[in-house]
Amino acid sequence: MDETEFWELVDATREAAEGDPEEQADLLVDRLLALDPDMVLDFARHFEARYNRAYTWDLWGAAWILLDGASDDAFDFFRCWLIGQGREVYEGAVHDPDSLADLLADFDEEVDGDGEELGYSADEAYEQLTGTVAPDLGIPPAASEPLGAPVDLESESVLAERYPKLWERFRA
């Protein structure tokens, strides 16, 4: 599975789920079950690599604004949700987290921002296909700390200055 196929699966399931992350995860498992186990592992590698790449202070600050606070776990689930939003939103957010103010048509913190189940889709499909737990994916592990300069997540003035568009749209 190449990167284009990965994003096509993500986009197709998001559209079919009408943006509901839990429904998207269920649909993704269904689509992955139609593939062979090696393709499922390829999907998992693509997902995990993007998940690790999004482990940055800049994105954590954006998640903090969107979710009105984001614990370690909440930020993990946010990164899964971000991947589930598709290539354009994901890449835009990784390059400029403040651009999420423009990239997201709407955002409901009760539904959006939590893609925990998306993070388990490939593992679930692989286990259903093979009866075994997915092996190590053979990709570099995530950094132990978020990449980039730390953000004072508790400071509204820091967040407002660092993410002016997000702050204006979602917190002002």
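**Long-range contacts, core and salt bridges of an all-helical model**

Among contacts between residues at least 6 apart in sequence, 73% join residues at least 24 apart. The model analysed here is a predicted one, and its secondary structure comes to ten helices and zero strands, so that the order of elements from the N terminus reads α-α-α-α-α-α-α-α-α-α. For a chain of 172 residues, a compact globule would be expected to have a radius of gyration near 16 Å, and the value of 16 Å computed for the protein agrees with this expectation. The C-alpha trace spans about 50 × 35 × 25 Å along its principal axes. Of the 172 residues, 45% count as buried, while the accessible surface comes to about 8700 Å², of which 46% belongs to carbon and sulfur atoms.

In soluble globular proteins, nonpolar side chains tend to be buried together. The largest nonpolar core of the model holds 53 residues, and within this core Phe43, Phe78, Leu82, Leu100 and Leu166 touch the most other members. The largest share of the core, nine residues, is contributed by helix H4, which covers residues 57-67. When neighbours within four places in sequence are set aside, Leu82 is in contact with Leu59, Val89, Tyr90, Ala93 and Leu100.

Helix H5 comprises 13 residues, 72-84, and at 1.5 Å a residue it should span 18 Å; its end C-alpha atoms lie 19 Å apart, which agrees. The buried residues of H5 are Phe75, Phe78, Arg79, Cys80, Trp81, Leu82, Ile83 and Gly84, a set in which Phe78 and Leu82 also belong to the core residues that touch the most other members. The cover over the buried residues of H5 includes H1, helix H2 (21-33), H3, H4, H6 and helix H7 (100-103). After H5 comes Gly86, whose phi is positive, near 100°.

In helix H6, the residues that count as buried are Val89, Tyr90, Glu91, Gly92, Ala93 and Val94, and the buried residues of this helix pack against H1, H3, H4, H5 and H7. Val89, Tyr90 and Ala93 are also among the residues in contact with Leu82.

Side chains of opposite charge can pair when their charged atoms come close. A search of the whole structure finds eight salt bridges. In one of these, Arg50 is paired with Glu3, and the closest N and O atoms are 3.0 Å apart. Because Arg50 lies in helix H3 (residues 37-53) and Glu3 in helix H1 (residues 3-16), the pair ties together parts that are 47 residues apart in sequence. The two partners differ in burial class, since Arg50 is buried, with a relative accessible area of 10%, whereas Glu3 is partly exposed at 28%. Both residues also take part in a network of salt bridges in which Glu3, Arg50 and Arg87 are linked.

A salt bridge within helix H1 is formed by Asp11 and Arg14, with the closest N and O atoms 2.9 Å apart. Asp11 and Arg14 are three residues apart in H1 and are therefore separated by about one helical turn. An α-helix has 3.6 residues a turn, so residues three or four places apart point the same way. Here the acidic partner, Asp11, counts as partly exposed at 24% relative accessibility, and Arg14 is buried, with a relative accessible area of 18%.

In a further salt bridge, the side chains of Arg53 and Glu91 meet at 3.1 Å, N to O. This pair links distant parts of the chain, with Arg53 in helix H3 and Glu91 in helix H6 (residues 87-95), 38 residues apart. Arg53 is partly exposed, with a relative accessible area of 33%, while Glu91, at 17% relative accessibility, counts as buried.

Towards the C terminus, Glu168 lies in helix H10, which covers residues 164-170. Glu168 is exposed, with a relative accessible area of 58%. Glu168 and Ala101 are 67 residues apart in sequence, and their C-alpha atoms are 8.7 Å apart in space.

Conventions. Residues numbered from 1 in each chain as written. Predicted model: local features only at pLDDT ≥ 70, side-chain atom pairs only at ≥ 80, totals over all residues. Heavy atoms only, no water. Core = buried A, V, L, I, M, F, W, Y, C linked by side-chain atoms within 4.5 Å. Buried < 20%, exposed > 50% of the residue type's maximum accessible area, 1.4 Å probe, protein only. Helix = DSSP H or I, 4+ residues; strand = E, 2+ residues; numbered from the N terminus. Contact = heavy atoms within 4.5 Å. Salt bridge = Lys/Arg side-chain N within 4 Å of Asp/Glu carboxyl O. Rg over C-alpha atoms; globule rule 2.2 N^0.38 Å. Areas by Shrake-Rupley, 256 points an atom, 1.4 Å probe, with all protein chains shown as cover. Expected span 1.5 Å × (residues − 1).
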